[in-house]
Amino acid sequence: MSQQPTTETPKIAIIGGGPGGLTLARILHINGIASTVFERDEHALARPQGGSLDMHADTGMRALRLAGLEDAFRNVARYEDQDGKVCSPDGKLLFSDSDPDGERPEIDRTQLRQLFLDALPGGTVRWGQKVEAVRPLADGRYAVFANGGDGGEAGEPFDLVVGADGAWSRVRPLVSDAVPCYEGVIFCELGIDDADAQHPALAALVGHGKMFAKGRSRTLVGQRSSNAHIRVYAALRAPESALKLDTADPDRTRQEIAGHFADFAPVLRALITEAKLLAIRPMYALPVGHRWANRPGVTLIGDAAHLMSPFGGEGANTAMADGADLAMALADGNDWRQAVADYEAIMFPRAEEAADGAAEGLRGGVSEDAPDHILEHVAAARERAHPGNRVDDGASA
Ligand SMILES: Cc1cc2nc3c(=O)[nH]c(=O)nc-3n(C[C@H](O)[C@H](O)[C@H](O)COP(=O)(O)OP(=O)(O)OC[C@H]3O[C@@H](n4cnc5c(N)ncnc54)[C@H](O)[C@@H]3O)c2cc1C
């Protein structure tokens with residue numbers, strides 16, 4: 001299809017109000033471009049958004065700067081929670097460092113979402129709008145159907161529809177046949193509230209940041225969030241059907257998870273036995289290097305474009321970078337169709353590199369090997385950021 005250059009402003013629908021979609025909406029807004037965000041959640045606090053995220057300089061932090069939200073971010077971010085530890089399954093501390101001047105400040109997901117929501121004009125986000133389908137119209141626009149409205153009736157037309165709707169995107173099939181595949185690892189997500197007062201030993205174990213303990217095909221991660229909450233990820237390499245949440249008796253599932261970590265030291269296993277089970281998440285990913293031929297009027301950002309394992313800590317960061325790059329390209333005032341193609345050209349290689357790292361991180365991070373992989377990974381990252389890290393060998397966690 002040949003494109004005529006135009007300076008018209010497109011009518012934009014963003015499907016999904018996660019980190020990617022809200023970054024896009026906010027940066028468009030401060031550049032004078034309106035958008036509509038369709039979000040299936042009934043309201044901002046309809047469901048817990050998950051644990052803490054660290055923001056990376058070139059992606060998440062840059063997006064916050066372009067969104068004019070750096071100061072608001074600093075008010076809630078936790079610069080003091082960037083420490084890292086690696087333990088062996090028997091509780092021996094293999095590596096530890098403290099990094100209060102690090103460049104990866106932490107923020108809870110709920111707080112991050114709220115920063116963006118507070119900075120958008122009322123009505124930008126349409127809550128409780130689950131998009132069922134997006135269909136091309138004869139005039140080149142796309143109709144968005146929400147909440148069961150995917151029959152014959154007219155959906156709302158938009159010039160540009162951006163799929164920011166995560167792993168199981170309803171927009172992605174318009175540009176790509178790719179579907180996420182199971183990566184062989186189940187993440188069990190648990191939470192411990194008020195850890196400093198109620199569970200001081202676990203608070204000390206996790207410290208002010210993240211603690212990894214890697215066994216054979218099983219890895220435990222403890223991560224401090226705000227308000228002394230500890231988020232625990234118990235990851236195991238297993239068939240997807242190996243573990244299911246017993247909704248009638250989640251305690252039984254939690255005991256089953258603890259059983260998978262029976263050879264871990266009691267202090268580590270307590271991260272499971274003293275926690276509340278929050279979710280069982282089989283890890284899915286899109287193929288590394290997923291891309292598509294540009295289709296005028298539709299694009300994807302974030303997980304919808306490049307779902308990857310959380311082991312690289314890049315998913316939310318790259319989603320925000322995508323939102324920022326697409327918004328900046330559209331704000332340039334040139335042909336908006338070309339702007340979308342320009343954004344995709346920037347995003348594809350960045351996503352491929354991040355997804356490659358995340359896949360490698362998951363392969364090594366939850367594997368048959370001894371903890372060397374995680375140890376090397378954490379130590380190398382810290383050494384790059386701050387030469388002269390301390391390695392404690394032989395101490396107890
Ligand atoms: C256990 C775990 C830990 C992680 N840790 C990190 C980390 O430390 N650092 C990091 O950078 N990333 C991390 N990630 C990855 C990160 O969560 C995602 O990459 C990120 O949230 C993607 O943002 P997004 O905006 O693309 O999509 P999402 O966050 O998935 O947001 C999509 C939004 O779209 C809405 N939606 C979905 N479908 C529809 C529909 N049909 N209609 C309307 N709305 C819809 C959803 O309700 C949601 O609000 C982690 C992921 C997991 C699972």
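**Strands, ligand shell and two buried residues**

Trainee: Which residue in strand 13 is the bridge partner of Asp83?

Mentor: Bear in mind that this is a predicted model: local features need pLDDT of at least 70 and side-chain atom pairs count only at pLDDT 80 or more, while totals for chains, interfaces and linings use all residues. Residues are numbered from 1 along each chain as its sequence is written, and side-chain values use heavy atoms, leaving out hydrogens and water. Strands here are DSSP E runs of at least two residues, numbered from the N terminus like the helices (H or I, at least four residues). In strand 13, Asp83 has as its bridge partner Gly209.

Trainee: How many bridges link strand 13 to strand 14, and in which sense?

Mentor: Two strands pair if DSSP finds at least two bridges between them. Strand 4 (residues 83–87) pairs with strand 13 in the parallel sense over 5 bridges. On the hairpin side, Ala213 stands opposite Leu220 in strand 14. Strand 13 and strand 14 (residues 218–224) pair over 5 bridges, and the sense is antiparallel.

Trainee: And which residue in the hairpin turn has a positive phi?

Mentor: Strand 13 (residues 209–214) is itself mostly covered, with 5 of its 6 residues buried (under 20% relative accessible area, 1.4 Å probe, protein chains only; over 50% would be exposed, in between partly exposed). Its hairpin with strand 14 has 3 residues in between. The turn residue with a positive phi, about 65°, is Ser217.

Trainee: Which are the edge strands of the open sheet?

Mentor: That sheet has 5 strands in the order 7-2-1-11-17, with parallel pairing. Each edge strand pairs on one side only, and they are strand 7 (125–126) and strand 17 (298–300).

Trainee: Which residue of strand 2 stands opposite Ile15?

Mentor: Strand 1 (residues 12–15) and strand 2 (residues 36–38) run parallel, joined by 3 bridges. Opposite Ile15, in strand 2, stands Phe38.

Trainee: On to the ligand: how much of its accessible area does the protein cover?

Mentor: Look at the polar contacts (N or O pairs within 3.5 Å). Polar side-chain atoms of Glu39 and Arg113 lie 2.6 Å and 3.2 Å from an oxygen atom of the ligand, and for an N or O atom in the side chain of Asp303 the value is 2.7 Å. Of the 1,000 Å² that the ligand has on its own (Shrake-Rupley, 1.4 Å probe), the protein covers 88%.

Trainee: Which helix gives the most to the shell around the ligand?

Mentor: The shell, with a heavy atom within 4 Å as its cut-off, has 32 residues, the closest including Arg109 and Val131. By type they divide into 11 nonpolar (including Ala, Val and Leu), 10 polar (Gly among them) and 11 charged (Asp, Glu, Lys and Arg). With 4 residues, the most is given by helix 10.

Trainee: Thr318 is in helix 10; what is its relative accessible area?

Mentor: Outside its neighbours within four places in sequence, Thr318 is in contact (heavy atoms within 4.5 Å) with His306, Met308 and Ala354. Thr318 counts as buried because its relative accessible area is 2%.

Trainee: Last one: is Arg172 buried or exposed?

Mentor: Arg172 is in the loop between strand 11 (160–163) and strand 12 (181–192). Leaving aside neighbours within four places in sequence, its contacts include Leu286, His290, Leu300 and Asp303. At a relative accessible area of 4%, Arg172 is buried.

Notes:
A polar contact is a pair of N or O atoms within 3.5 Å; within protein, one must be able to donate a hydrogen and the other to accept it, and residues adjacent in sequence count only if both atoms are side-chain atoms.
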